[in-house]
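Hi everyone, thanks for coming. Have the viewer open while I talk, and we'll walk through this one together.

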Amino acid sequence: MTDRNLAVSRRSFLKLSGASMGALAAGALLPAPVAEAARRAGLLDADGDGYLPTMCEMCVWRCGVRAKVRNGRVVKLEGNPDHPHSRGRLCARGQSGLATTYDPDRVLKPLIRVGPRGGGVFREATWDEALDLTASKMLEIKEKYGSEAMVFSSTHNLSQVQFENLLYGFGSPNYGTQRSLCFNAMVTAFLMTYGVEEPSRNYDEVQFILLTGRNLLEAISTSESAELMEAVARGAKLVVLDPRFTKTAAKATEWIPIRPGTDSALLLAMINIIVAERLADCEFVKRYVVGCDELPQEMSRYTPHWAESKTGVPAATITRLAHEYAAAGRHALAHPGWRTSNFINSFQTERAIATLNALSGNVLTPGGCLAADSPEASGVPLGKPPQPAYPRVTALRLDGVPWQYPLVSLKLGIFQNIRDAILSGQPYQAHGWFVSRQNPVQAIPERAKTLEAIGKMDFIAVVDVLMNDTSWFADVVLPEASYLERYDPVNVVDGKVFLRQPVIEPQGDSRSALMIYKDLGERLGLADYFQYADEEDYLRQQLAPLGVDLEQLKITGRYDPGLVPSDEIVFNTPSGKIEVYSATLANAGYSAWPTWDEPQAPAPGEFYLLTGKVGQHTQMATQNNKLLHEVEDPPRLWLHPSAAGERGVQTDDLVRVTSPIGSVQVRVLVTEAIRPDCVYLTPGYGHLSKGLRTAYAHGVCDSDLHVTYTDPISGGQALSQTFVTVEKA
Amino acid sequence: MAVKKRYGFVIDVSRCIDCRACLVACRVENNVPLGYSRIWVKDLGVQGTYPDLQHGFVPHNCMHCQHPPCVEVCPSGATWKDPAHGLVLVDTAACIGCRQCILACPYDARFTNPETHVVDKCNGCIQRVEIGLQPACVATCIGGSRLFGDFNDPASDVSVALRGARSLQRLDFTQGEIDTQPNIFYINGDVQDKSIAPHAPQYTAAESFWRKFAIPAVLTGIGAAAIGQAAAFTKQLLDGEKEFEE
Amino acid sequence: MSEEYIPLVEQKRLRAKEIKKHNLANILTHWFNVAMWALLLPTGIAIMASPRLGLVPPLWSEAFRNVLGGTANLVRFHYTIGLLWMSVLTFNILVGFRRYFLPFAARGMLLDGDDIEWMKIKPLKMLGLAKDKTLPPQEAYNAGQKLYSYLVVLGSAVIGASGATLAFGKYVLPTDWRWIIQWARPIHFSAVGAVVAGLFIHVYMGAVFPEEKEAFFSMFTGKVSGWYARRHHAKWYWRVAAEEAAWEEGVLAEGRERAAQVTAGD
């Protein structure tokens, strides 16, 4: 076993590192199961060339992919025309996926830390040794402190169900996902109002689109972004509320540079006008909406004039928007948004959005404008391996759900609270952290605190593809095969079943999460929760009720069970209707109606610190990808010319940005495309891991600035509520 | 007789969202080394003052001109406008790497590939088009901005787009006897921005010397020699053949 | 051509006599050059297909591309033959450089006073003027041929160097230095053109002009008649004759010495 000290150096494009080359060379002597299987299926010809269908994982949209393979290498990725999320196209990240698979910084062998945590010195180990160590440490923690002392966290992915088996089988309640950093506000609001986590959108007949944030043309969801452009090109009116002139705003019919944190004021005023002037779809509202009678009275306080004072948007504009929205009738769409972790009042913003949609009756538009069925709901009867019931868990969740946060669903959780609980030791001290496909070090606000929390852990194991920042601080790194090299459980989209399958042999010793979880589970005494021999066995068990042959699915990549979508309009709320008035909220002591919560505002001389997305990266996951690094804009702090002039700075000058919890030095981009009271920092940069040789120390990390705020209702983060000062450096 | 193809691009300027998927797709499809590119998305920048702003993007690649200045200066015939379909192609094995074509292009569409040592440029993904696929950039365009097809086919994507266009521009370059007549048509947007305007072809001193001096000089020299010998030969014939000298 | 009066009997004797002018190496090298040029010239012309010039009919280029299988193969063929030509010539010159090439060059390439005089008078005579002047005697190669040899040797070196630049410059020259390849082309073309212009004269003189008929055949047999040598390359003839006479004299002298020894031994 060799010591592997990860020094910083540059590598040329698509060259494998020495270790992996050796592994590949050795592997070349062994039979190539993936290639053999694909040849048998007729997907690869005698030379090993051909196309294999699979699914992307460069973001969570999971477009269908056709991977072009030549001589056992992926040479090109194409969108699968048969997949509803790609429709034959892939965004920059999807196209670049092979550069992640062939990234020289891939972790290809299990690693065990040597030296101090964060020192970056690991030794290679066998799977047996690494898994034995991990299991023994986890069991040790379980014995000494109880299962609950083990935190499990993973950003949602296709193997989540088996991750959860580890979690629940082990008996820990402490489940961290990225959700509270992202969409708790949206999901909670729509669950309460519509009874779905995330209603699906359909742009076929839309005529008026109101985007609150949701920078769809940069936070690209391939098919939805394309559909939006199609609608705009067709003549649909697009209104964008955003303090920043994003690329989506650039394509909008109208850009409203609204004051951050005040979206709900504008939306409530729109609702007010619509109900006051009786512009809503009364028939629909009467039939399907709870609270329609009292709504006008409730909303009457939110006048356009009042909203102007809050938002900075002229009252006449607000009135006009309300009229235009209403005039589109069932062809209006107030987009639910996605990452809605902006302000504490983002939950209310989402409630207002849900209400606006309810008033339009757009659910009735054929195909949806906003369909009540969530895209995640399937109705497809998938099988699963048998398993026993989970052990009863009595310990409180560290994240305060539901005992401090009664309205946050267990599935969503509050990730940042877990981190804080680790620091505080309240209600009890966590001792171990098992992380998979996640980078909490970068993702959770107040990075210094997260690193401190890591310091308090007795044991950290991370399942990862690259030596990401959290892996860098791990005690054990378990190499997952990249998405082009592995099976995952099937994905159901639009009622159809899609397969992810390996298109090349897994490089080095990397393995699928399905097998990592199983092998670890067996050592934890949880073998009964992993009753599958291998990935294919798992998949066959999934497909059994459908009567689909896995071999057939490998060829086409998709299976259509022929479900007919129901015409029935169903809202899974307590009342069975759209609960604009929510008794659930009232019972918990909150406003039953969408309401105005005055947001915090920066002091004079301070700026709102905005965050967002870029089309060339996925949050903090892709900065090491050389193809994306080539096409990215250099990370900058956006600053309005008035603010820049005051400080005597020009584009590319260094400034110091200081928040209540941290300070960074970053180069500016002076631009008109932002409100003068705002700055925007390109997110996802400033990696700490020297194992990411392209991304290391490139740019700065916004988690070094963000203050941790948690909405008491939805548990969501409030990333734009951090205010900063900016000085010339 | 079948009408020949006229392949080209239509770019709907209003639909480019600067996602750069096309840039990545082209690089992967055509093994373009990092630091170089066959295609670009030109950023026109944020125009106007807050809050009345515009921000446009112009996808751009080799124009596959009707009258390509690059083809004219190639010493080895390594680049040509294919008579079957109009794409301007490069036979990299025949290229001697003189770079005259790179300098002659008004659109800076060509570059020296550091790995192959010879010229590289957009080839319309002819290797894909031949098997019925779209060029890589077009196939993956999220906004639906990039279109490709045969202008001589009224049912092609490009012909349909042109018919439905609200506005139409080309980045034509005309000067003297040069009139490139590019085969990229920009619709629904204004691309007449000096940041992306084409420039006059640069003809190197060597190429000008070759064309204006070396060729006439050599032809004159050979011509003189030929004429001289022809005259001598004529004299010889008139004098009759002498077996023996007197 | 010398205009001295030679009696008939002497003429007949001279015509019957053979003098060796070219050895086998000379002959092979000459025809090797011919063969190489026969391949290089048409393919080189086929490569020069620039539409801007309109010099070469497209049919010519297309024909060669079709035969060789594409532009790349045409280029490869051309420079491969070029490399072959260059390496054989270089080898030839280097082998026996001091023993053979240097003396040959001294005799057959350097211009002396007679050559200069010849160069002044010959063009006038060709135009039908200067009938009163006589041409000075010439060596094995006359001044015109010597001049042509300069053209060929220098030209070939330039052609070879510029050709190598065109073929391989892309592998060794950084981007900023590619102008060298650009200039290599007109240089290559001009050198070829100059040699071709000379070739017109050379081929005419050698193969068509009746007075030089012996010269043409000498490129196969290696020999010319004494008559031809005396008329056209008098200096060489008399030097060879002198060498023969000296040799004869030497043999006779040796015989006399032998006889004297025998007599003395009696």
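Let me start with a term we need right away: a nonpolar core is a set of buried Ala, Val, Leu, Ile, Met, Phe, Trp, Tyr and Cys residues joined through C-beta atoms within 7 Å. Keep in mind that what you're looking at is a predicted model. Its scores are ipTM 0.93 and pTM 0.91.

So, how many residues are in the largest nonpolar core? It has 314 of them, and the residues with the most contacts inside that core are L266(A), M270(A), I271(A), Y325(A), L637(A), V679(A) and A21(B). Click on L266(A) for a moment. Leaving aside anything up to four places away in sequence, L266(A) touches L241(A), I258(A), A307(A), T311(A), V313(A) and I318(A). There's also a second, separate core, this one with eight residues, and V224(C), A229(C), W236(C) and Y237(C) are among them.

Okay, on to chain A as a whole. Chain A has 26 helices and 28 strands. How far does its C-alpha trace span along the principal axes? That comes to about 75 × 60 × 50 Å. Its radius of gyration is 25 Å, and a compact globule with 729 residues would be near 27 Å, so the two agree. Of those 729 residues in chain A, 62% are buried. And here's one about sequence distance: take the contacts in chain A between residues at least 6 apart, and 73% of them join residues at least 24 apart.

Let's zoom in on one residue, V490(A). You'll find V490(A) in strand β19 of chain A, which runs over residues 488-493. Is V490(A) buried or exposed? V490(A) counts as buried because it has 25 C-beta neighbours inside 10 Å, and the cut-off for buried is 20 or more. Which residues does V490(A) touch, beyond those up to four places away in sequence? They are L382(A), V497(A), F498(A), L499(A), L539(A) and Q542(A). Now compare that with P314(A): it sits 176 residues from V490(A) along the chain, and their C-alpha atoms are separated by 49 Å.

Next up, chain B. The domain assignment splits chain B into domain 1, residues 7-196, and domain 2, residues 204-246. The C-alpha centres of those two domains of chain B lie 47 Å apart.

Then there's chain C, with 11 helices and two strands. If you read along the sequence of chain C, the pattern goes α-β-α-α-α-α-α-α-α-α-β-α-α. What is the radius of gyration of chain C? It's 24 Å, whereas a compact globule of 266 residues would be near 18 Å. Along its principal axes, the C-alpha trace of chain C spans about 85 × 50 × 35 Å. Buried residues make up 26% of the 266 in chain C. For contacts in chain C with a separation of 6 or more, 65% come from residues 24 or more positions apart. On confidence, the mean pLDDT of chain C is 86, and 97% of its residues reach 70 or more.

Last part: who touches whom? Two pairs of chains touch, and the most contacts are between chains B and C. In that pair, 37 residues of chain C are in contact with 40 residues of chain B. On the chain C side, α4 (71-94), α7 (143-172) and α8 (179-208) each supply at least two residues. Which of the elements gives the most to that side? That's α8(C), with 16 residues. By class, this side of chain C divides into 23 nonpolar, nine polar and five charged residues.

Over to chains A and B, where 36 residues of chain A are in contact with 29 residues of chain B. The elements of chain A giving two or more residues to that side are β4 (73-79), α3 (92-95), α9 (222-234), α10 (247-251) and α25 (626-631). Here α9(A) gives the most, with six residues. The side of chain A that touches chain B has 17 nonpolar, 10 polar and nine charged residues.

And what about chains A and C? No contact joins chain A and chain C, and their closest C-alpha atoms lie 20 Å apart. That's my tour, so thanks for listening!

How values were computed: Residues numbered from 1 in each chain as written. Chains lettered and ligands numbered in written order. Predicted model: local features only at pLDDT ≥ 70, side-chain atom pairs only at ≥ 80, totals over all residues. Domains from an automatic or database assignment. Contact = placed C-beta atoms within 7 Å. Helix = DSSP H or I, 4+ residues; strand = E, 2+ residues; numbered from the N terminus. Nonpolar A, V, L, I, M, F, W, Y, C, P; charged D, E, K, R; others polar. Buried ≥ 20, exposed ≤ 12 C-beta atoms within 10 Å, placed from the backbone. Rg over C-alpha atoms; globule rule 2.2 N^0.38 Å. pLDDT = per-residue confidence, 0-100.
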